[in-house]
Amino acid sequence: MSGLPGFLIDDRLHFPSCPSQGGQRFLVEMAAPLTLLLVLAVTIRAALFRSSLAELIAERVEVVSPITAWKRVVEGLALLDLGVSPYSGDVFHETPLIIYLFHFVVDYAEITFMLADVITAVALYMAVKDYNKQVFRKQKFALEADRYPLDCLELIRSPKEMYYIPLKVAMFYLLNPFTILSCVAKSTCGLNNAVVALFIFSTIKGNTLLSAIFLCLATYQSIYPLTLCAPAMLYLMQRQYIPVNFRRASFWWFIAQYLFMYLGSLFVLICLSFFLLGSWDYMPSVYGFILSVPDLTPNIGLFWYFFAEMFEHFRLFFLCVFQINVFFYTIPLSVKLKEHPVFLIFMQLAVISIFKSYPTVGDIALYMAFLPVWSHLYRFLRNTFLVSCVLLACSTLFPVLWHLWIYAGSANSNFYYAITLLFNVAQVGQPGRSQRRLLIESLTETPCSPLRKSQNEKSY
Amino acid sequence: QEFSCQIWGIFFLKKTFKGNLRNYWNFLPEGFINTQLFTRFLSRISQDSAGQFFSSGHTNNWAVLVCTSRFWFNYRHVANTLSVYRSVKRLGIPDSHIVLMLADDMACNHRNPKPATVFSHKNMELNVYGDDVEVDYRGYEVTVENFLRVLTGRLPPSTPRSKRLLSDDRSNILIYLTGHGGNGFLKFQDSEEISNVELADAFEQMWQKRRYNELLFIIDTCQGASMYERFYSPNLMALASSQVGEDSLSHQPDLAIGVHLMDRYTFYLLEFLEDIHPASKANMNDLFKVCPKSQCVSTPGHRTDLFLRDPGSVLITDFFGSVRKVEITTEAIDLTDPIKEVEERPANGDVHKEMHSYVDQLPVSEIIHQKPKQKDWHPPDGFILGLWTLILLVFFQTYGVKHLRHIF
């Protein structure tokens, strides 16, 4: 269980060769705490399922959205049993594969969602473990190549610190109140998170086909994971040592391969969904619904308030503006963060969960699970206290102002939207700050000194 | 109604006297009066033929009892109507044949010291609001329009049967109105009036639609006789409590309740009717003698000129009761006609009895045992096949074909 200490030799940092076989050792050694964590998480969820809070939570607009509500899944299945297409009317907005899945497990829905959470946590755990290994290996090479100056000591990660990060990630996901709420509400966001987590895991493992397939599944369910194509491609290229250079043919060849796999599986999935119900009416109901935002039920997103007061004449324009806003950050961020594709994934997930049309707390829980991965940057983050307080306060104020608005009638929608805005601002601030520090860290490739550091701070 | 009658008359003239049309068109100004008389003549012709038809009598009885005034101090009008209702019901007319319209609720009025009662005699001798009073039109539903619609039958299709006057051409109808009236009008709800012309036209419409056989009209208001002055339809007999220019007066106040309980005319009418039983042979002449001027301060009036039969031959129970004409015979009537029996001979020759089982219309067993609903929809097989083939393909692609060796 002991870490490997670094020691100073001739003003150079040396680390003993980090055992790559330690990966398995880690797994064996960490299996017990992970299992304990899983058991604890499942217990909490099971306890909440049995209590009367389950119905209460299932109705909260912060936890379920018109797309992910369990009530709508049950309604869609009931409609199907009555011989009516579940996409008729404004009831069901999930994909046909969800129908297929829940047709058989609707009686065991709670177990399904708990299993989804467990899969997510395990996938994240293993992904982060693998990522840490690679980061550590890169760091070791960089160290041995004498590319780190001495003053960047505090930025160097030791295996001791990184030993517990995967467990922390799993813990951050499983014991996050947002995740628990989302699971107890049986929101299909949990399934979406599971697919994205599997995608991240397969990407970090380096499996191109699986990564493309899982990304396709995630995109098929809600369109926004499309933006994760770019970081996935970047990471896989780097892993296969393909230089990220527009002039190289291998670059384009790899992109073509990946896109072929991705688009091919997307095409196959869509055709398969057609065969499930025999009609295309799931397309406007699922994708049309996500893109055109007809349902303006209040949620923690930014769309509803704006479009409630939008004149019909301008609706299409602003709809396009809002939707492009989600996809717009992909290219600049990929250009900036091409050396750190996993961080790019984290940023993209944050952008998606803030700017998507029907966000829920489940989406937030997924990217918040990644925070321990960059815990070495925390020391340098400013306004941590402020941001975390704002997040906490907003999370508490959501149900309060909802009650005041809807039930007591002494507030109105402005109150609720103000809290939504504040929440999203805090969310934007949080990865943004991490990004700053990460960019600064990335410059440690070049010699850095305290003077240099401050200079870099100024320019960013 | 009169105008339309005249138009009808003119058309009738045009049809039957085409040749002499020019002559009649010349007489158009005075022709109006002529046509009125002519139509009356025509109706009298039809009456003669109808009279033979109607002398066979009535087969059912109806009663329309209306109290038109509201407010606590008009307690007596409600008591009037309820007394007549009571008598009519006692003598045999069922609630389904009585349309009772009360403009206000005295029994449950806040000022009623004896709730759920309406007394007709002082010292609370007689409670005319029993346990089985069925009011069809109550409160603000008692309007001139509703009253006329009930009489003429022009009600919206959603009106329930209890609010309809479903009389036919063999019905004897008793119509009783009470409230505040004047010369030629009766006040409804202190806000609108019905005039004697409207009433007469309503009765004419009833006659033309053959909605009554004979009609007895009783009114207990001030100057009540003015209301039957304008009648012109056949088979109408009318009684009123006072002549034109006279006021009908109330009978006796009850100090415990604080209002006058009845009007004089109806009070003595009720006394008279209390002596009538279904087998009674009292006739209309006795009814005309009810409440002479000595008892009612006003002079009651009646009108029988439109009535075909002699009032002396009209029984009280013809209008107030529902007397069935029963013919008792001691002969035995053979109901068993020879019925041709169709015997079913099955093909195989032997007669077998069909076992009739009770049709299982309601799946009671399923409801009782609450079986879980069967899922009717299943995903198509092609879909399942395709999906799992793909999954297997991806699996083997990822983990290599060499694992197949371990599986098989």
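In which sense do strand E6 and strand E7 of chain B pair, and over how many bridges? In this predicted model, strand E6 (residues 185-188) and strand E7 (residues 192-195) of chain B run antiparallel and are joined by four bridges. The two strands make a hairpin, with three residues between them. One turn residue, Gln189(B), has a positive phi of about 60°. Within the hairpin, Lys187(B) has Glu193(B) of E7(B) as its bridge partner.

Chain B also holds an open sheet. Seven strands build this sheet, in the order E3-E2-E1-E4-E8-E9-E10, and their pairing is mixed. Strand E3 (137-138) and strand E10 (301-303) of chain B are the edge strands, and each pairs on one side only. Strand E4 (residues 171-178) and strand E8 (residues 214-220) of chain B run parallel. Seven bridges join E4 to E8 in chain B. Along this pairing, Asn172(B) stands opposite Glu214(B) of E8(B).

Glu214(B) has a second role in the description, as a salt-bridge partner. Its side chain meets that of Arg309(B), with an N to O distance of 2.7 Å. Arg309(B) sits in the loop between E10 and helix H9 (317-320) of chain B, while Glu214(B) belongs to strand E8 of chain B. The pair therefore ties together parts that are 95 residues apart in sequence. Over all chains, the count of salt bridges comes to 19.

The active site comes next. The unreviewed UniProt entry lists His180(B) and Cys222(B) under "active site". These residues span 43 residues in sequence, yet their C-alpha atoms are no more than 6.4 Å apart, so they gather at one spot. His180(B) is part of strand E5 (residues 180-182) of chain B.

Chain A carries a different kind of annotation. The unreviewed UniProt entry marks several spans of chain A as "transmembrane region", among them residues 108-128, 172-200, 258-280 and 286-307. Two of these spans can be described by their ends and their helix content. Residues 258-280 of chain A are 87% helix and 0% strand, and their end C-alpha atoms lie 27 Å apart. Residues 286-307 of chain A are 55% helix and 0% strand, with end C-alpha atoms 19 Å apart.

Where do chain A and chain B meet, and how many residues does each give to the contact? Chain A supplies 19 residues and chain B supplies 16. Together the chains bury about 1600 Å², and carbon and sulfur atoms give 75% of that area. On the side of chain A, Asp81(A), Tyr100(A) and His103(A) lose the most area to chain B. These three account together for 37% of what that side buries.

Polar links across this interface were also counted. The rule finds zero salt bridges between chain A and chain B. One residue pair is in polar contact, with both residues at pLDDT 80 or more. Four helices of chain A each give two or more residues to the side that touches chain B: H3 (70-81), H4 (96-105), H10 (208-221) and H12 (249-277). H12(A) provides the largest share, six residues. By residue type, the side of chain A that touches chain B has 14 nonpolar, three polar and two charged residues.

Methods:
Residues numbered from 1 in each chain as written. Chains lettered and ligands numbered in written order. Predicted model: local features only at pLDDT ≥ 70, side-chain atom pairs only at ≥ 80, totals over all residues. Heavy atoms only, no water. UniProt positions renumbered as here; feature names shortened; annotations may be inferred. Contact = heavy atoms within 4.5 Å. Buried area = accessible area lost by both parts, 1.4 Å probe. Salt bridge = Lys/Arg side-chain N within 4 Å of Asp/Glu carboxyl O. Polar contact = N/O pair within 3.5 Å; in protein donor to acceptor, adjacent residues only side chain to side chain. Nonpolar A, V, L, I, M, F, W, Y, C, P; charged D, E, K, R; others polar. Pairing = 2+ DSSP bridges.
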